[in-house]
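Please open the structure in your viewer and keep the sequence panel visible. The tour proceeds by selections, each followed by a description of what is found there.

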Amino acid sequence: MTTRWLTPEEQRAWRAYVAGYLLLEDAIDRQLQQEAGMPHLYYSILAHLSEAPQRRLRMTCLAEKLKITRSRLTYAVARLEKDGLVRREECPRDKRGSVAALTQEGMAVLERTAPGHVDTVRASLFDRLTPEQVGQLEEIFTQVAKGLQEGGGEAVPEDLPWRRRSSPCTDGR
């Protein structure tokens, strides 16, 4: 098989993406650590739970939404549970599964932290783009995510970390 090396334009775009992603993630993590004492992943868990029906999601569905392994999610939820921000419950329809539930304290932390988080995201990303570029950004990453999740014309990759040994996420409970 012959390697299809990146063109100079592709190489510049790739390096720009990597630098931008790392700097953006660092800015967001620093803000969240300062204001809430938590990394971006933990904030994202709280945010996803706050948007779910009854502020609860099955752990496998939460892992899929966050695009992380279930073991990484289990570790993060254990920490949030220790801090009183999340509670784990038995899954009512499947005793083997568990549900993560946002506590009142977790919702309060999210409400207190959200304005600073949004300000950081806006200042670090969206204030630097034109409305046309925002649309392009959405279009580009929707296409990338779709291709990676659907296998790019191949079979759907079952080895995606959040799909390993789990049933498909349907309603989140």
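The stops below run from a helix to a core, a sheet and a loop.

**Before starting**

This is a predicted model, in which local features need pLDDT of at least 70 and side-chain atom pairs count only at pLDDT 80 or more, while totals for chains, interfaces and linings use all residues. Residues are numbered from 1 along each chain as its sequence is written, and side-chain values use heavy atoms, with hydrogens and water left out. Helices (H or I, at least four residues) and strands (E, at least two) are DSSP runs, numbered from the N terminus.

**Stop 1: helix H1**

Select residues 8-36, which form helix H1. The expected span of a helix is 1.5 Å times one less than its number of residues. For the 29 residues of H1 this gives 42 Å, and the end C-alpha atoms are 41 Å apart, which agrees.

Within H1, colour Ala-27, Ile-28, Gln-31 and Leu-32, which are buried. Buried means under 20% relative accessible area, exposed over 50%, and partly exposed in between (1.4 Å probe, protein chains only). The buried residues of H1 pack against H2 and H5.

Now select Gln-31, which has a relative accessible area of 6% and is therefore buried. Contact means heavy atoms within 4.5 Å. Not counting residues up to four places away in sequence, Gln-31 touches Thr-113, Gly-116, His-117 and Thr-120.

Move to Leu-32, which counts as buried because its relative accessibility is 0%. Beyond neighbours within four places in sequence, the contacts of Leu-32 include Tyr-43, Thr-113 and His-117. Measure from the C-alpha atom of Leu-32 to that of Thr-120: the separation is 9.4 Å, although the two residues are 88 residues apart along the chain. After H1 comes Gly-37, with a positive phi near 65°.

**Stop 2: the nonpolar core**

Which residues have the most contacts inside the largest nonpolar core? Select Ile-45, Leu-46, Leu-49, Leu-62 and Leu-73 to see them, in a core of 29 residues. A nonpolar core is a set of buried Ala, Val, Leu, Ile, Met, Phe, Trp, Tyr and Cys residues joined through side-chain atoms within 4.5 Å. H2 supplies the largest share of this core, seven residues.

Centre the view on Leu-49. Setting aside neighbours within four places in sequence, its contacts include Arg-55, Leu-57, Leu-62, Val-86 and Ala-101.

**Stop 3: the sheet**

Select S1 (56-58), S2 (86-90) and S3 (98-102). These three strands form an open sheet in the order S1-S3-S2, with antiparallel pairing. Two strands pair if DSSP finds at least two bridges between them. S1 and S2 are the edge strands, each pairing on one side only. S2 and S3 are joined by five bridges in the antiparallel sense, and Arg-87 stands opposite Ala-101 in S3.

Add helix H2 (40-51) to the view. H2 lies across S1, S2 and S3, and runs at about 90° to S3. Axes are lines fitted to C-alpha atoms, for helices over the stretch in contact, and angles run from 0 to 180 degrees between N-to-C directions.

**Stop 4: the loop between H2 and S1**

Finally, select Gln-54 and Arg-55. Gln-54 lies in the loop between H2 and S1, as does Arg-55. Is Gln-54 buried or exposed? Gln-54 is exposed, with a relative accessible area of 59%, whereas Arg-55 is partly exposed at 29%. Gln-54 has a positive phi of about 55° although it is not a glycine, and the phi of Arg-55 is also positive, near 55°.
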